[in-house]
Amino acid sequence: MELDILKGFGRLSTETETAMFRIVQQSLANIYRHSGSHVAMIKVRKNAKEIIMRICDEGCGIAPDILREFESGTRLLGVGIAGMRERTKVMKGSFHVSSSTGGTTIEISLPVTENAARKFHGV
Ligand SMILES: Nc1ncnc2c1ncn2[C@@H]1O[C@H](COP(=O)(O)OP(=O)(O)O)[C@@H](O)[C@H]1O
Ligand SMILES: [Mg+2]
């Protein structure tokens, strides 16, 4: 597993960190269970407005019929990809999945939000 994150990235709001943790957890589980990929790469960046995270593998890709369900939003149930999409939507972020026989990429963006408690305690 390869993680690309800049030194001194800092902390995010609890809500954002939790969402990112769940998305990473589900994505790595998918890569392990379904992709057959020998690599998993996570890249995290942020700017003043948003956090962008990309998780990709070099596996077999999501079957086209399943991918179509995700793209059209008709696959509603599940804690997996449908759950990631729902979670980012609730947080006013964006979610995108692209997949081919060369592998799968999940890209999310989440708005930067303040964490009142963390700010107050200065940690
Ligand atoms: N990284 C991946 N590589 C290949 N196929 C994938 C990947 N992630 C998901 N899939 C396919 O999409 C389906 C749905 O994934 P998900 O929503 O996480 O549900 P689940 O993992 O419970 O089956 C999987 O069953 C699998 O067929
Ligand atoms: Mg899954």
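In what follows, Ala, Val, Leu, Ile, Met, Phe, Trp, Tyr, Cys and Pro count as nonpolar, Asp, Glu, Lys and Arg as charged, and the others, Gly among them, as polar. One more thing before we start: this is a predicted model.

**Stop one: ligand 1.** Select the ligand and the residues around it. You should find 17 of them, the closest being Asn30, His34, Ser35, Gly80 and Ile81. Colour them by character and you get seven nonpolar, nine polar and one charged. Now show the helices: H1 (14-35) and H3 (81-90) each supply at least two residues of this shell, and H1 gives the most, with five.

**Stop two: the core.** Next, select Ala19, Ile23, Ile51, Met53, Ile55, Cys56, Ile81, Met84, Phe95, Ile106, Ile108 and Leu110, the twelve residues of the largest nonpolar core. Two or more residues come from each of H1, strand E3 (50-57), H3 and strand E5 (103-111), with E3 giving the most, four residues. Click on Ile23 here: leaving out residues up to four places away in sequence, Ile23 touches Met84, Arg87 and Ile108.

**Stop three: helix H3.** Which residues of H3 are buried? Pick out Ile81, Met84, Arg85, Arg87 and Thr88. Look down the axis of H3: these buried residues fall within an arc of 165°, so they line one face of the helix. Turn to the other side of H3 and you meet Lys89 and Val90, which are exposed. To see what covers the buried residues, display H1, helix H2 (64-72), strand E4 (94-100) and E5, which are among the covering elements.

**Last stop: Lys92.** Finish just after H3 at Lys92, where phi is positive, near 60°.

Definitions and conventions
Residues are numbered from 1 along each chain as its sequence is written. Chains are lettered from A and ligands numbered from 1 in the order in which they are written. This is a predicted model: local features need pLDDT of at least 70, side-chain atom pairs count only at pLDDT 80 or more; totals for chains, interfaces and linings use all residues. A residue is near a molecule or strand if its C-beta atom, placed from the backbone, lies within 6 Å of it. A nonpolar core is a set of buried Ala, Val, Leu, Ile, Met, Phe, Trp, Tyr and Cys residues joined through C-beta atoms within 7 Å. A residue is buried if 20 or more other C-beta atoms lie within 10 Å of its own, exposed if 12 or fewer, and partly exposed in between; C-beta atoms are placed from the backbone. Two residues are in contact if their C-beta atoms, placed from the backbone, lie within 7 Å. The arc is that of the directions from the helix axis to the C-beta atoms.
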